[in-house]
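Biologist: I should like to learn how to read cysteines, sheets and cores in a model. May we take them in turn?

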Amino acid sequence: MPQRHRGNQNRSRPAGRRSHSSAAPPEPKVVYEKKAPIVYGKAFVVLEDESKGTFRFDNGAWVPYAMSIAQCRRECLVNELPQKVNRMTRYEIRLPVTEQE
């Protein structure tokens, strides 16, 4: 015949009592503020070669781009595209839109 465990019937009651006088005061709650959503503009394609140079397609030619991919990752939305072009990595970049009044 299996044994019955009768000691664990009331699980909602705490196991031991703690005195509230010796406990540390509760930590103040941290209030988090939501950031405003960032709106990004139209995507464009940038190529990065082995020497970390970046190029943007402009008027039928690949011209050097001012920012590196590392700088773009800090300021923009960057997605690496799966296809490579002549051993260069393709990235889709979206710049944040600045609201002008």
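Biologist: How far is the sulfur of Cys72 from the closest cysteine sulfur, and why is there no bond?

Modeller: Please note that this is a predicted model. A disulfide requires two cysteine sulfur atoms within 2.5 Å. Here the sulfur closest to that of Cys72 belongs to Cys76 and lies 4.8 Å away, which is too far for a bond. Cys76 is likewise in no disulfide, and the structure as a whole holds zero disulfides.

Biologist: Is Cys72 buried or exposed, and is Cys76 buried or exposed?

Modeller: Burial is judged by relative accessible area, with buried meaning under 20%. Cys72 has a value of 0% and is therefore buried. Cys76, at 8%, also counts as buried.

Biologist: Which residues make up the largest nonpolar core?

Modeller: Ten residues form this core, among them Cys72 and Cys76, together with Phe44, Val46, Tyr65 and Tyr91. Two or more core residues come from each of β1 (44-48), α1 (69-75) and β5 (88-94). As for Phe44, its contacts beyond four places in sequence are Arg56, Tyr65, Tyr91, Glu92, Ile93 and Leu95.

Biologist: In what order do the strands of the sheet lie?

Modeller: An open sheet is read from one edge to the other. The order of its five strands is β3-β2-β1-β5-β4, with antiparallel pairing. At the edges stand β3 (61-64) and β4 (77-85), each paired on one side only. Neighbouring strands are turned against each other by 35 degrees on average, direction ignored.

Biologist: How many bridges join β2 to β3?

Modeller: Four bridges link β2 (residues 54-58) with β3. In one pairing, Arg56 has Val63 of β3 as its bridge partner.

Conventions:
Residues are numbered from 1 along each chain as its sequence is written. This is a predicted model: local features need pLDDT of at least 70, side-chain atom pairs count only at pLDDT 80 or more; totals for chains, interfaces and linings use all residues. Side-chain values use heavy atoms; hydrogens and water are left out. Two strands pair if DSSP finds at least two bridges between them. Axes are lines fitted to C-alpha atoms, for helices over the stretch in contact, and angles run from 0 to 180 degrees between N-to-C directions. A nonpolar core is a set of buried Ala, Val, Leu, Ile, Met, Phe, Trp, Tyr and Cys residues joined through side-chain atoms within 4.5 Å. Buried means under 20% relative accessible area, exposed over 50%, partly exposed in between (1.4 Å probe, protein chains only). Contact means heavy atoms within 4.5 Å.
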